Amino acid sequence: MLIHAIRSFVQGGGVDVWSLVMQVLATLFVLFFVLPLHEYAHGYVAYRLGDPTAKNQGRLTLNPIASIDPVGALGILLFGIGWAKPVPVNPLNFKDPKKGMAITALAGPVSNVLAGLAGALLLNILLCLQGLIPTQALVILSVFFYYYISINLMLAVFNLLPVPPLDGSRLVAAFLPDRAMYRYYRYERVLVTVLFLILLSGFLDPLLSFLQGHLWNAVMWLADLPFRALGLF
């Protein structure tokens with residue numbers, strides 16, 4: 001991600017300008033179009049499960065201004081991982097609060113996986129047009145989609161980590177007794193700070209890359225299926 005280009009530049013290494021530009025553009029596209037979709041997915045699923053809180057507060061929207069969190073956006077720009085401003089959810093409106101929160105939380109990462117899959121399908125369509133568009137344009141667009149898919153899948157993996165306030169914590173909370181759940185969320189602000197420092201250190205990079213790699217393989221396999229069926233690959 002962008003932090004790698006910065007480290008390379010500081011250490012005197014070369015930087016591929018076109019690759020860097022496509023990375024920034026892909027990141028901005030995710031920030032302004034996919035992150036709002038991520039939060040909309042949370043709010044919509046909550047609404048379908050009986051909680052109108054997001055809708056009543058005007059957060060059931062794809063407007064990026066309502067969703068962008070400055071720190072989370074900076075994390076995505078630098079590391080390819082981060083978060084948006086969470087939509088308000090009132091678990092008391094669910095028939096089963098813990099189950100409702102877990103399903104609502106899962107909707108966000110699923111939206112990123114689906115966005116990544118859509119990008120992979122578009123990339124495959126692009127590759128099928130080789131010879132019809134200039135090679136340089138094909139390369140540039142392919143790099144854009146590579147980063148777009150990669151960022152979406154990394155966001156899905158990152159948000160499933162069982163650390164408050166990430167979506168994965170809501171999934172874990174569904175299996176915790178009420179008392180343990182309260183303690184789990186008691187230190188949320190501290191955990192956010194610690195998490196950001198760990199990201200800066202690069203300590204989580206191997207784990208996140210490992211998980212993203214497996215998810216990448218699964219998504220690309222799915223994206224290839226219709227093209228194989230048509231004999232295009």
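**Figure 1. Surroundings of leucine 126 in the predicted model.** Beyond its neighbours within four places in sequence, leucine 126 is in contact with Ile133, Leu138, Leu141, Ser142 and Phe145. The structure shown is a predicted model. Leucine 126 belongs to helix H5, which covers residues 97–128. With a relative accessible area of 9%, leucine 126 falls under the 20% limit and is therefore buried. Confidence within the protein chain is highest in H5, where the mean pLDDT is 95. For the protein chain, the mean pLDDT is 87, and 93% of the residues reach 70 or more.

**Figure 2. Serine 142 and helix H6.** Serine 142 is located in helix H6, formed by residues 135–159. Apart from residues up to four places away in sequence, serine 142 touches Leu123, Leu126 and Leu127. The relative accessibility of serine 142 is 17%, so this residue counts as buried. Of the 25 residues of H6, 18 are buried, and the helix is therefore largely enclosed by the rest of the structure. The length of H6 also agrees with expectation, because a rise of 1.5 Å a residue gives a span of 36 Å and the end C-alpha atoms are 36 Å apart.

**Figure 3. Asparagine 112, a buried residue of helix H5.** Asparagine 112 lies in helix H5 and is buried, its relative accessible area being 0%. Which residues surround asparagine 112, leaving aside its neighbours within four places in sequence? The contacts are made with Val34, His38, Asn152, Leu155 and Ala156.

**Figure 4. The salt bridge between arginine 228 and aspartate 224.** A search of the whole structure finds one salt bridge. Arginine 228 is paired in a salt bridge with aspartate 224, and the closest N and O atoms are 3.7 Å apart. This separation lies within the 4 Å cut-off for a salt bridge. Side chains of opposite charge can pair when their charged atoms come close. Both residues are in helix H10 (residues 205–229); because they are four residues apart, about one helical turn separates them. An α-helix has 3.6 residues a turn, so residues three or four places apart point the same way. The two partners differ in burial: arginine 228 is partly exposed at 44% relative accessibility, whereas aspartate 224 is buried at 15%.

**Figure 5. Lysine 85 in the loop between helices H4 and H5.** Lysine 85 occupies the loop that lies between helix H4 (70–79) and H5. Its relative accessible area of 36% makes lysine 85 partly exposed. When neighbours within four places in sequence are left aside, lysine 85 is in contact with Glu39, Arg59, Ile65, Ala66, Ser67, Ile68 and Asp69. Between lysine 85 and threonine 135 there are 39 Å in space, C-alpha to C-alpha, and the two are 50 residues apart in sequence.

**Figure 6. Leucine 60 in the loop between helices H3 and H4.** Leucine 60 is placed in the loop between helix H3 (53–56) and H4. At 23% relative accessibility, leucine 60 is partly exposed. Not counting residues up to four places away in sequence, leucine 60 touches Tyr40, Gly43, Tyr44, Ala54 and Lys55. A distance of 22 Å separates the C-alpha atoms of leucine 60 and isoleucine 76, which are 16 residues apart along the chain.

**Figure 7. A nonpolar surface patch that includes valine 21.** The patch is formed on the surface by Val17, Trp18, Val21, Leu25, Leu28, Phe29, Phe32 and Phe33, which together have about 760 Å² of accessible area. Valine 21 is part of helix H2, residues 17–48. With a relative accessible area of 34%, valine 21 is partly exposed; this value is over the 30% required of a patch residue.

**Figure 8. Threonine 193 in helix H9.** Threonine 193 lies in helix H9, which comprises residues 188–201. This residue is partly exposed, with a relative accessible area of 48%. How far apart in space are threonine 193 and valine 17, C-alpha to C-alpha? The distance is 32 Å, and 176 residues separate the two in sequence. Leucine 126 and threonine 193 are 41 Å apart, C-alpha to C-alpha, with a sequence separation of 67 residues.

Notes:
Residues numbered from 1 in each chain as written. Predicted model: local features only at pLDDT ≥ 70, side-chain atom pairs only at ≥ 80, totals over all residues. Heavy atoms only, no water. Patch = residues over 30% accessible without salt bridge, like charges linked within 9 Å, V, L, I, M, F, W, Y side chains within 5 Å. Areas by Shrake-Rupley, 256 points an atom, 1.4 Å probe, with all protein chains shown as cover. Salt bridge = Lys/Arg side-chain N within 4 Å of Asp/Glu carboxyl O. Helix = DSSP H or I, 4+ residues; strand = E, 2+ residues; numbered from the N terminus. Buried < 20%, exposed > 50% of the residue type's maximum accessible area, 1.4 Å probe, protein only. Contact = heavy atoms within 4.5 Å. pLDDT = per-residue confidence, 0-100. Expected span 1.5 Å × (residues − 1).
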